[in-house]
Amino acid sequence: MPKKSKTNHPRFKSLPKTPTGIRGLDEITGGGLPTGRPTLVCGAAGCGKTLMATEFIVRGALEYNEPGVFMAFEERVEELEMNVASLGFDLVKLQKDKLVKIDHVHIDKSEIEETGEYDLDGLFIRLGYAIDTIGAKRVVLDTIENLFSGLNNLGVLRAELRRLFGWLKEKGVTAIITGEKGEGTLTRQGLEEYVSDCVILLDHRVENQISTRLLRIIKYRGSVHGTNEYPFLIDEDGMSVLPITSLLLDSPVSSQRISSGIPALDQMLGGKGFFKGSSILISGTAGTGKTSLAAYFANETCIRKERCIYFAFEESPLQIIRNMWSIGIDLKSHIDKGLLEMHAARPTLNGLEMHLLSIHKHVKRFKPQTVILDPITNLITVGSVSEVKSMLIRLIDFLQQEQITVLFTALSLNTIVNEQTDEGVSSLVDAWLLVRDIEANGERNRGLYIMKSRGMKHSNQVREFVITDDGLDLVDVFLGSDGVLTGSAREAQQLMEVTGQALKSHALTRKDIEIQRKRKVLEAKIASLQEEFESVQDELNKSYVEDELKKEIMEKNRKQIIQNRQNKNTLDGKKK
Amino acid sequence: MVKKSKSASVKPYKWELRLYIAGNTPKSVTALNNLKKYCEEHLKGEYKIEVIDLLVHPQLAAGDQILAIPTLVRKVPVPIRKIIGDLSNEEKVLVGLNIRPLK
């Protein structure tokens, strides 16, 4: 059988590691389990040891081309095949393809009598044979402690186990050995004494009737590893471990802006809306229109031909669609076009981790540009505030890494604005809108504030937030002489203003006419005076012209006389 | 799994025993000697012993669920009984094989 399989040895200079293929686990361990060494996986009954071991074998065979031997001390081959078939692993086919070999070791104390000395060479030979026939690189012994229930001679058993682990190392196979949790010790039979390279503890805790599975790497010789307890999940795709947070804050940022769907709100956010890939929190008391705001955002996303997932924790999708229809949003059409997906589940359906994982999975599959969680407040029913916070941190981290814009809504229980409310996420989010009731004059109105919006100029003003049949809008609150006015008080004030305006303009027109008239009278007067002046001027001019004329004529006459005289003289001279 | 019986043609023995060993270790040799001795003593002419060396036939180990070496398996009469160890305690072997009822 082909033995050539690629291990990832050369990548790591220090300790070679074998990837398990289990989502998240390879990240915590920095690459996988120590290659060629046994790893102990221990935990109480039902915490997922066998499943983890099976997945290690199956993923090794399928993804890393490393055949594996599964030695089952507990389950029969058929049982095992059936159990993992629910995870989509076809062990029957893998066995046929010589990628996996399952050997069920049956130990029945009633069948066995012990006399004298013996060793466990039979087990060695079986395992060795199984390894050699398929060229296995991976081995699972599940649960080897069952030997202790079948055999009496503990001295032999312990010596043989020690020899077995040494022998596995010699064989160079990467092994997982599972062990049941004992009292005060990691395993009932103290296997941790023998397997000392890598120990992983699985735990299953139930708090408030909600179960959480946790994984912790107790030790990992020769390698750095995450030391925290990491929640993990088992679902139809197998096991997945979710590292609490990405350790670095190095997610990419975008300066692209996206509209909130409400032009007036965009105006408050520097005129352009939110940043793409940012996280937005809308908090407010009950009935202030948080869901409507969220639906508007979803609607706007879909109108841009981008995809959006809406996780509803309070209402069913149909209910939301109907309700949003009443304010003029047609979410159904977006769903039909495949741009919008709605997932509704009661928070108590499963633990926080399960919620996080299901969000992860939906996001990975649907690749949306926008994710909406409505509301996160209800998650508090399945976890403590700090747990919800840590979950949301991880969610935000994950979504930011993927450049997905996320919008949370949160219900604040107090009518007084509590600055550190909302599951403590207000410090994590990039933008925080607060919708608040403003109660005055016997009516309740909504006011919208922008508490913060990182990296952009935003309005510091309270806007009145109105929901009408045509949709949402923001109205400037009215600053009257009596202070801030909202609702009908604002409308009344506005009406009054309009009336005043009309009266004023009327008065103005009358005055204008009066002036017009006065001007006309004046102009008439000016005209008559002008006439008068002209007649006087004419008179004056007349005498002046006459004088001139007279003068001219006189001059003319004088010249005539002079000429006449001269002529006479010449005539006289000639006569002489 | 393959279960080869080398002398299936002959008349069925009342006792069919199979001894699994792994090479000629002292334990295996002791076990075989002990077994032969008990059989001659108590089951003369009615028994058959098959010795399987797992170093030669490792594939046979799984069939009889062999873990320990040496292991003696009583195939016939049923039910199958297993005795592990070097068979040094005669009493235990005889009781274990149901040759002699527990006193």
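In this predicted model, strand E16 (residues 308–312) of chain A pairs with strand E17 (residues 340–344) of chain A in the parallel sense, over 5 bridges. Within that pairing, A:Phe311 stands opposite A:His343 of E17(A). E16(A) is also joined to E18(A), again by 5 bridges and again with the two strands running parallel, and here A:Cys308 stands opposite A:Thr370.

How many of the residues of E16(A) are buried? The strand is mostly covered, with 5 of its 5 residues buried. In a regular strand, side chains alternate between the two faces of the sheet. For E16(A), both faces are covered, since A:Cys308, A:Tyr310 and A:Ala312 on one side are buried, as are A:Ile309 and A:Phe311 on the other.

**A glutamine beside E18(A)**

The loop between H12 and strand E18 (370–374) of chain A contains A:Gln369. Is A:Gln369 buried or exposed? A residue counts as buried if 20 or more other C-beta atoms lie within 10 Å of its own, and A:Gln369 has 20 other C-beta atoms within 10 Å, so it is buried. Leaving aside the neighbours within four places in sequence, A:Gln369 is in contact with A:Thr301, A:Glu306, A:Arg307, A:Cys308, A:Ile404 and A:Thr405; one of these, A:Cys308, is among the buried residues of E16(A). The C-alpha atoms of A:Gln369 and A:Gln403 are separated by 7.4 Å, although the two residues are 34 residues apart along the chain.

**The nine-stranded sheet**

Elsewhere in chain A, 9 strands form an open sheet with mixed pairing, in the order E5-E4-E7-E8-E3-E9-E10-E11-E12. Strand E5 (100–104) and E12 of chain A stand at the edges, and each has a single partner strand, so one side of each is left without a neighbour in the sheet. On average, and with direction ignored, neighbouring strands of this sheet are turned by 20° against each other.

Strands of a sheet pair through backbone hydrogen bonds, either parallel or antiparallel. Three pairings from this sheet are set out below, each with a pair of residues that stand opposite one another.

| Strands of chain A | Sense | Bridges | Opposite residues |
|---|---|---|---|
| E3 (residues 38–43) and E8 (residues 174–180) | parallel | 6 bridges | A:Cys42 and A:Gly179 |
| E10 (residues 210–220) and E11 (residues 229–235) | antiparallel | 4 bridges | A:Leu215 and A:Tyr230 |
| E11 and E12 (residues 238–241) | antiparallel | 4 bridges | A:Ile234 and A:Met239 |

E11(A) and E12(A) form a hairpin, with 2 residues between the strands. H12(A) lies across E10, E11 and E12 of chain A, and runs at about 65° to E11(A).

**Helix H12(A) and its partner**

Two packed helices are described by the angle between their axes and the distance between the axes. Helix H12 (residues 352–366) of chain A packs against helix H13 (residues 385–401) of chain A at an angle of about 15°, with the axes 10 Å apart. Angles under 35 degrees count as roughly parallel, which means that H12(A) is roughly parallel to H13(A). The crossing of these two helices is right-handed. On the side of H12(A), the contact is made by A:Leu352, A:Leu356, A:Ile359 and A:His360, while H13(A) contributes A:Glu387, A:Val388, A:Met391, A:Arg394, A:Leu395 and A:Phe398. By class, the residues of this contact divide into 7 nonpolar, 1 polar and 2 charged.

**Where chain A touches chain B**

The contact between the two chains takes 21 residues from chain A and 28 residues from chain B. On the side of chain A, the elements that give two or more residues are strand E6 (112–114) and helix H5 (121–134). Which element gives the most to the side of chain A that touches chain B? H5(A) does, with 7 residues. The side of chain A that touches chain B has 8 nonpolar, 5 polar and 8 charged residues.

Strand pairing also crosses between the chains: 3 bridges join E6(A) to strand E4 (residues 81–84) of chain B, and the two strands run parallel. In this pairing, the bridge partner of A:Glu114 in E4(B) is B:Ile84.

**Chain A as a whole**

Chain A has 14 helices and 25 strands, and 42% of its 576 residues count as buried. Among the contacts in chain A between residues at least 6 apart in sequence, 70% join residues at least 24 apart.

Technical notes: Residues are numbered from 1 along each chain as its sequence is written. Chains are lettered from A and ligands numbered from 1 in the order in which they are written. This is a predicted model: local features need pLDDT of at least 70, side-chain atom pairs count only at pLDDT 80 or more; totals for chains, interfaces and linings use all residues. Axes are lines fitted to C-alpha atoms, for helices over the stretch in contact, and angles run from 0 to 180 degrees between N-to-C directions. Angles under 35 degrees count as roughly parallel, over 145 as roughly antiparallel, 65 to 115 as roughly perpendicular and the rest as oblique. A crossing is left-handed if the near helix is turned anticlockwise from the far one by less than a right angle, and right-handed if clockwise. Two residues are in contact if their C-beta atoms, placed from the backbone, lie within 7 Å. Ala, Val, Leu, Ile, Met, Phe, Trp, Tyr, Cys and Pro count as nonpolar, Asp, Glu, Lys and Arg as charged, and the others, Gly among them, as polar. Two strands pair if DSSP finds at least two bridges between them. A residue is buried if 20 or more other C-beta atoms lie within 10 Å of its own, exposed if 12 or fewer, and partly exposed in between; C-beta atoms are placed from the backbone.
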